[in-house]
Amino acid sequence: MELQKKLEILADAAKYDASCASSGATRKNSSNGKGVGSTGGAGICHSYAPDGRCISLLKVLLTNRCLYDCHYCINRRSSNVQRAAFTPAEVVKLTLDFYKRNYIEGLFLSSGIIRNADHTMEMVIEVARALREDHDFRGYIHLKTIPEASVALIEKAGQLADRISINIELPDEESLKILAPEKSLKRTRIAMGKIRHRVENASEIRRERKGKRSPEARFATGQSTQVIVGADKSTDQTFLNRSHDLYSNYRLRRVYYSAFSPIPEPSAILPLQAPPLIREHRLYQADWLMRFYGFAAHEIVSDQLPNLDLDLDPKLSWALRNRHLFPVDLNRAEKLMLYRVPGLGIRNADRILGIRRYGAIRIQDLIRLKVSLKKVLPFIITKDHHPNTRELDHDNLRARFAPPAKQLELNLS
Ligand code: SF4
């Protein structure tokens, strides 16, 4: 099969994996005339870096042949898709060719499981090894690892890559048993634990040696994972509790939420429809609240409310359920309470803390900070704004923020 055809098949097969952010990579560069390529400090595959640049990675599978039969996956062994496989040398060539033409800044490489986990990992590693060692490639490399692979191979992958990741795919063992019977959450957690240990160990060595090169210091700067939303019955509570577990126990850099998209010739046990995309968006917002705003998962979702409100962002939804904590006096509140005010992001909350050292906060300050007054005013007190607390208790407050209800169309055809 021609290389071009393989690329079409294997790039298409990789598009379902969302966990390819490149932020946090160690900077490497070739501006001194040595080596090929460089990584920026931030950038997201198929997304935008904080400076607005779109970072692009060659995102392919080594092969879409697979021994496993994960129901949600187009590459599962029972799927009737056209199969292809690159040799490691072909991926190396494509990466270098694309890099030199300025199409990409790095490589995201995953693979179906061929023969066994170790054999697959060896092939994936060979690509990264040849790029780094034979071609002195200094671009970004993200390798997808397989939890069942031996520790020595995961170690080797980590030494060559900027980021490694293992997809947990589903948030609990029950769902995995049904939809991905060959996978095990327990095995994934063990592998993630080892990677966490090695990431921390390497970063400590780098600190101690003040950035001087050493083999023990060479390891990926972090790990990430992906979960599929809407392929099983898991609630948002289950997803967010799992994410909390992964962030706190395994120090993951990111959990990616990927809305399940129906695949051609789907397994009969999959839902026929994709979940609303807004669910994925709300999960990202809730995840953000846990990572940066000091929220615990149980504050955002609970046994009584296991799913996020699709009409409101999770912070506003939390505030409406906790109206007794508002209005918040912007001139007195502590930082963490400012973070919880709907309409105030971290940056503006920090700016308010800075401004109030020199004088009382007024509405005019919020206008200068481009804060959405519509959203924030019912929840705050400033020197010149004291909301009527009855407004906060009013049943209509939610309706002011939620999108207007739409009448469903009656389809008579
Ligand atoms: S292991 Fe599962 S998710 Fe990964 S390629 Fe194979 S069938 Fe797809």
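1. A natural place to start is Arg218, which sits in the loop that runs between helix 6 (185-208) and strand 7 (222-229). The model is a predicted one, and the points below should be read with that in mind.

2. Because 15 other C-beta atoms lie within 10 Å of its own, Arg218 counts as partly exposed. Leaving aside residues up to four places away in sequence, Arg218 touches Gln159 and Ala202. The C-alpha atoms of Arg218 and Ala161 are separated by 9.2 Å, although these two residues stand 57 residues apart along the chain.

3. Strand 7, at whose start that loop ends, belongs to a right-handed β-α-β unit, in which strand 7 and strand 8 are combined with helix 7 (residues 236-250). The two strands run parallel and are joined by six bridges; one of the pairings to look for is that of Val229 with Ala259, its bridge partner in strand 8. Strand 8 (residues 254-259) is itself mostly covered, since five of its six residues are buried.

4. Helix 10 deserves a separate look. This helix, made up of residues 314-321, is largely enclosed by the rest of the structure, because six of its eight residues are buried. The buried residues are Pro314, Lys315, Leu316, Ser317, Trp318 and Ala319, so a reader following the helix in the model can check each of them against the cut-off of 20 or more other C-beta atoms within 10 Å. Among the elements that cover these buried residues are helix 8 (277-292), helix 9 (297-300) and helix 16 (397-401).

5. Turning to the ligand, the residues that surround it are Cys66, Tyr68, Cys70, Cys73, Asn75, Arg76, Gly112, Ile113 and Ala180. By character, this shell divides into six nonpolar residues, two polar residues and one charged residue. The charged residue is Arg76, because Arg is classed as charged, while Asn75 and Gly112 are the polar ones.

6. For the protein as a whole, the secondary structure comes to 16 helices and ten strands. Of its 413 residues, 40% are buried. Among the contacts in the protein with a separation of 6 or more, 67% are between residues 24 or more positions apart, and the pairing of strand 7 with strand 8 and the covering of helix 10 by helix 8, helix 9 and helix 16, among others, are places where a reader can begin to trace how parts of the chain come together.

Terms used:
Residues are numbered from 1 along each chain as its sequence is written. This is a predicted model: local features need pLDDT of at least 70, side-chain atom pairs count only at pLDDT 80 or more; totals for chains, interfaces and linings use all residues. A residue is near a molecule or strand if its C-beta atom, placed from the backbone, lies within 6 Å of it. Helices (H or I, at least four residues) and strands (E, at least two) are DSSP runs, numbered from the N terminus. A residue is buried if 20 or more other C-beta atoms lie within 10 Å of its own, exposed if 12 or fewer, and partly exposed in between; C-beta atoms are placed from the backbone. Two residues are in contact if their C-beta atoms, placed from the backbone, lie within 7 Å. Two strands pair if DSSP finds at least two bridges between them. A crossover is right-handed if, with the strands pointing away from the viewer, the path from the first strand over the helix to the second runs clockwise.
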